[in-house]
Amino acid sequence: MDSLPPGPRLPRSTTSREPQYLIVTLLGDYWFRRSEQIPSAAIVALLAEFGITESGARQAMRRLHKRGLLTQGKSGRTTSYGAPERMSESAEATMRRVLRFGLDITGWDGLWTVVTFSIPEPARDVRRVLRTRLRDLGFGLLNDANWITPHDRTIEAVELLDTLQVDDGSVLRATIVARPGRPFSVADVFDLETLERRYLDFIARHEPKVQEVLAGGVTPRDALVMRTEIMTEWLQFRQFDPDLPVELLPDGWPRARAREVAFRIYDELGVAAEARFRQVLGAVDRDLAALSSHHTSRDA
């Protein structure tokens, strides 16, 4: 049942040096919307910058190809990989979502997307997959089988119920009415305490690096590693953060500060990191290296 709903999904990262996630991040940043394939030897060399062995790098490429997240081509004895056409077509929207993640959302209309369902015990595997997918979409459990998010996720929720063939399920857009003596708290639905600790830890570890970066004391090699790792780690928050509007968050919520730290480092290191990417790729194919580029938060 874990294969539902169908279609490739990006690998989840539990570390900033997980090779599959590193490949996706590197190609998404420095090989944006390019249809050309990169020789596997260059990808191996790029991952070596992060301490990934050749066998680990090649295994990651094979797994991503098997999952439909990389295309594969061969010319003689050279194997190359690139982004599938369907991913390139949606790259612009995906990149904007990535770069805009963590921006404070204001002007919320007060409506919640609600998913409610009833699944019999013999189909508990379907229920488990549905719950996992709802969490992936940023839903939190209100009670029993009622899941909510302040974002309009009606289309995604309906598609999910249809894909899993959950007949006894409904998707609503509604307000939550407070009851006397029983106030509604988002902290009871979403684990904000754990999320806040994650953000504060991120700030404590990375904010001291900002001055070093601004002073220009980072080499291109270190810039590629630091920039990729900071973005990989920052984007892991998308797995845990329901991205609640500011109206629902506690005062002094640290997400905005964490985002500022992440993108100060990411933006400042862009030119140097791209130079290193070009250098590594150029050692294998100089013409391909000239096609690389990079993003900053200003592209959001």
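This report walks through helices, their packing and a handful of individual residues in a predicted model.

## Helix 1 and its two partners

Let us begin with helix 1, which spans residues 19-30. The axis of helix 1 comes within 11 Å of the axis of helix 2 (residues 40-48), and the two cross at roughly 110°. Angles of 65 to 115 degrees count as roughly perpendicular, and helix 1 and helix 2 are therefore described that way. On the helix 1 side, the contact is made by Pro19, Ile23 and Leu26; helix 2 brings Ile43, Leu46 and Leu47 to it. Sorted by class, this contact has 6 nonpolar residues, with no polar and no charged ones.

Helix 1 also meets helix 3 (residues 54-66), with axes that come within 8 Å and cross at roughly 70°. Helix 1 and helix 3 are therefore roughly perpendicular to each other as well. Here Pro19, Gln20, Ile23 and Val24 of helix 1 face a set from helix 3 made up of Gly56, Ala57, Ala60, Met61, Arg63 and Leu64. By class, the contact of helix 1 with helix 3 has 7 nonpolar, 2 polar and 1 charged residues. Pro19 and Ile23 are worth finding in the viewer: they appear in the contact with helix 2 and again in the contact with helix 3.

## Helix 6 and helix 11

Two helices further along the chain can be set side by side.

| Helix | Number of residues | First to last C-alpha | Expected span |
|---|---|---|---|
| Helix 6 | 13 residues | 18 Å | 18 Å |
| Helix 11 | 14 residues | 20 Å | 20 Å |

Helix 6 covers residues 124-136. Its buried residues are Val126, Arg127, Val129, Leu130, Arg133 and Leu134. Where do these buried residues lie when helix 6 is seen down its axis? They fall within an arc of 165°, so they line one face of the helix. A general point helps here: an α-helix has 3.6 residues a turn, so residues three or four places apart point the same way. The buried residues of helix 6 pack against strand 4 (112-117), strand 6 (146-149) and helix 7 (154-163). Just after helix 6 comes Gly138, with a positive phi of about 90°.

Helix 11 runs over residues 255-268. Its buried residues are Arg255, Ala258, Arg259, Val261, Ala262, Phe263, Ile265, Tyr266 and Asp267.

## Two positive phi values outside glycine

Gln165 and Asp243 both deserve a look at the backbone. Gln165 is found in the loop between helix 7 and strand 7 (169-174). Phi of Gln165 is near 55°, a positive value in a residue other than glycine. Asp243 is in the loop between helix 10 (220-236) and helix 11, and has a positive phi of about 60° although it is not a glycine.

Is each of these residues buried or exposed? Gln165 is exposed, with a relative accessible area of 66%. Asp243, by contrast, is buried, at 18%. Leaving aside neighbours within four places in sequence, Asp243 is in contact with Ile105, His151 and Arg255. Arg255 is itself one of the buried residues of helix 11.

## Residues in strands and a loop

Thr79 sits in strand 3 (residues 78-82). With a relative accessibility of 16%, Thr79 counts as buried. Beyond its neighbours within four places in sequence, Thr79 is in contact with Ile38, Pro39, Ser40, Gln72, Gly73 and Lys74. Ser40 belongs to the stretch of helix 2 (residues 40-48), while Gln72, Gly73 and Lys74 fall within strand 2 (residues 71-75).

Ser75 is found in strand 2 too. At 57% relative accessibility, Ser75 counts as exposed. The C-alpha atoms of Ser75 and Pro220 are separated by 31 Å, with their positions 145 residues apart along the chain.

Finally, Thr175 lies in the loop between strand 7 and helix 8 (192-206). Thr175 counts as exposed, at 52% relative accessibility. How far apart in space are Thr175 and Asp191, C-alpha to C-alpha? The distance is 21 Å, and the two are 16 residues apart in sequence. Leaving aside neighbours within four places in sequence, Thr175 is in contact with Gly110 and Leu111.

Definitions and conventions:
Residues are numbered from 1 along each chain as its sequence is written. This is a predicted model: local features need pLDDT of at least 70, side-chain atom pairs count only at pLDDT 80 or more; totals for chains, interfaces and linings use all residues. Side-chain values use heavy atoms; hydrogens and water are left out. Helices (H or I, at least four residues) and strands (E, at least two) are DSSP runs, numbered from the N terminus. The expected span of a helix is 1.5 Å times one less than its number of residues. Buried means under 20% relative accessible area, exposed over 50%, partly exposed in between (1.4 Å probe, protein chains only). The arc is that of the directions from the helix axis to the C-beta atoms. Contact means heavy atoms within 4.5 Å. Axes are lines fitted to C-alpha atoms, for helices over the stretch in contact, and angles run from 0 to 180 degrees between N-to-C directions. Angles under 35 degrees count as roughly parallel, over 145 as roughly antiparallel, 65 to 115 as roughly perpendicular and the rest as oblique. Ala, Val, Leu, Ile, Met, Phe, Trp, Tyr, Cys and Pro count as nonpolar, Asp, Glu, Lys and Arg as charged, and the others, Gly among them, as polar.
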